[in-house]
Amino acid sequence: MIKIQNLSFGYNRKKMLYENLSMSLEAGSIYGLLGKNGAGKSTLLCNMMGLLFPVSGRIEVVQHNPQKRQPSFLQNVYFIPEEVAFPSISIHTYLELYAPFYPKFNEHQFYEYLKEFEVPNDQKLNKMSFGQQKKAIIAFGLACNTQVFIMDEPTNGLDIPSKSQFRKLVAAALTEERLFIISTHQVRDLDNLIDQIIIIDESEVLLKASIMSINEKLCFKTVAEPDKNVLYAEDSLKGKTVVAVNVMGEDSRINIEHLFNAVIANPKRIKDIFN
């Protein structure tokens, strides 16, 4: 559904943010895109949407070249950037203006999503709090029923109950024909939601793996003292919380934050384990 081949991108040719980046993303999954500040997560998403153009390489999204911004492409993708800005109009007027661009938009779904998020539908959008605006745009994006739905820091501004509702609604909206990408620094917000993890750093993909594969190859546990199989350790009340090579076939619960730290600290070893 999304194919990236030898992508190179930079805001100037002397310093490239990506060089020869390649990966494929398939429908039926929710991908978590993780990386340090400045790693280029938002830039990569904008390249996927045709908002930025690569220096070289090729991107294909739902069988389209995003750079061309064709109507048949735009009606089948939806992108929520980190910062959202709304005009001084009501939700009803917003629907009248923007819903016609999305043939699969479902108005009943939209108002149900607003109800789940406890967002009033009788206020002007620019008068809402940042959190309410974020929930309104997430509800709209879900109701567009596009094949590709990309969100950059969608949980910024959401309180704890709203984050729980966000996970519930996104998980329920996934089908075998749709693909979701969520980029965030708040990795704990992705717990029990994503089924694929992508970690990028220093212009390359350090890890692209399913939750199932990560569980098979790594284990997350607390030990008294780390051994040679430990990739990352952090002090805890009961000893050391570690990410280790799963040599014994243990079943454990993934800690995404610790996984990220382990990958950043041991990129070569991680590549060896997963490749």
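In this predicted model, the structure holds 1 cavity of 30 Å³ or more. About 40 Å³ of space lies inside that largest cavity. Its wall is made up of Phe-86, Ile-91, Tyr-94, Leu-95, Phe-110, Leu-125, Ala-136, Ile-137 and Phe-140. Sorted by class, that makes 9 nonpolar residues, with no polar and no charged ones. Helix 3 and helix 5 each put at least two residues into the lining of the cavity. Why look for such spaces with a probe at all? Rolling one the size of a water molecule over the atoms shows where empty space is left.

Next comes the open kind of space. The largest pocket holds about 470 Å³. A set of 22 residues lines this pocket, and Tyr-78, Phe-79, Tyr-94, Tyr-98 and Tyr-102 are the ones that lie nearest its centre. Two or more lining residues come from each of helix 2 (71-74), strand 5 (77-80), helix 3 (91-98) and helix 5 (130-143). Of the elements, strand 5 gives the most, with 4 residues. The pocket lining counts 19 nonpolar residues, 1 polar residue and 2 charged residues. Tyr-94 turns up again here, among the residues nearest the centre of the pocket, having already appeared in the lining of the largest cavity.

Another residue of the cavity wall, Leu-95, is worth a visit of its own. Leu-95 sits in helix 3. Is Leu-95 buried or exposed? With a relative accessibility of 7%, it counts as buried, because the cut-off for that label is under 20%. Leaving out residues up to four places away in sequence, Leu-95 touches Pro-100, Phe-105, Glu-107, Phe-110, Tyr-111 and Phe-140. Two of these partners, Phe-110 and Phe-140, also line the largest cavity. As for a residue farther along the chain, Gln-165 is 70 residues from Leu-95, and the C-alpha atoms of the two are separated by 22 Å.

Phe-140 leads on to the nonpolar interior. The largest nonpolar core has 61 residues, and inside it Phe-140 and Ile-214 have the most contacts. Helix 5 supplies the largest share of this core, 7 residues. Apart from this core lies another one, of 30 residues, with Met-1, Cys-46, Phe-79 and Val-205 among them. Phe-79, named in that second core, is also one of the residues nearest the centre of the largest pocket. Which residues does Phe-140 touch, not counting those up to four places away in sequence? The list runs Tyr-78, Tyr-94, Leu-95, Tyr-98, Ala-99, Tyr-102, Phe-105 and Phe-110. Among these, Tyr-78, Tyr-94, Tyr-98 and Tyr-102 were met above near the middle of the pocket, as residues that lie nearest its centre. In soluble globular proteins, nonpolar side chains tend to be buried together.

Stepping back to the whole chain, the protein has 9 helices and 12 strands. Its C-alpha atoms fill a box of roughly 60 × 45 × 35 Å along the principal axes. A compact globule of 275 residues would have a radius of gyration near 19 Å, and the 20 Å found for the protein agrees with that. Of the 275 residues, 51% count as buried. Among contacts with a separation of 6 or more, 66% are between residues 24 or more positions apart.

The start of the chain offers a few details to finish with. Strand 1 (residues 2-9) contains Asn-6, and the phi of Asn-6 is near 50°, a positive value in a residue other than glycine. Asn-6 is partly exposed, its relative accessible area being 44%. Asn-20 belongs to strand 2 (residues 18-25) and has a phi near 55°, again positive in a residue other than glycine. At a relative accessible area of 54%, Asn-20 is exposed.

Leu-7 follows Asn-6 along strand 1. With a relative accessible area of 0%, Leu-7 is buried. Setting aside neighbours within four places in sequence, Leu-7 is in contact with Tyr-18, Glu-19, Asn-20, Leu-21, Leu-44, Asn-47, Pro-54, Ser-56, Gly-57 and Ile-59. The exposed Asn-20 is therefore one of the contacts of the buried Leu-7. Phe-53 lies 46 residues from Leu-7 in sequence, and the two are 9.9 Å apart in space, C-alpha to C-alpha.

Terms used: Residues numbered from 1 in each chain as written. Predicted model: local features only at pLDDT ≥ 70, side-chain atom pairs only at ≥ 80, totals over all residues. Heavy atoms only, no water. 1 Å grid on protein atoms, 1.4 Å probe; cavity = no way out; pocket = protein on both sides within 12 Å on 5 of 7 lines; lining within 4 Å. Points joined across faces, edges and corners; volume = space filled by probe spheres on them. Nonpolar A, V, L, I, M, F, W, Y, C, P; charged D, E, K, R; others polar. Buried < 20%, exposed > 50% of the residue type's maximum accessible area, 1.4 Å probe, protein only. Contact = heavy atoms within 4.5 Å. Core = buried A, V, L, I, M, F, W, Y, C linked by side-chain atoms within 4.5 Å. Rg over C-alpha atoms; globule rule 2.2 N^0.38 Å.
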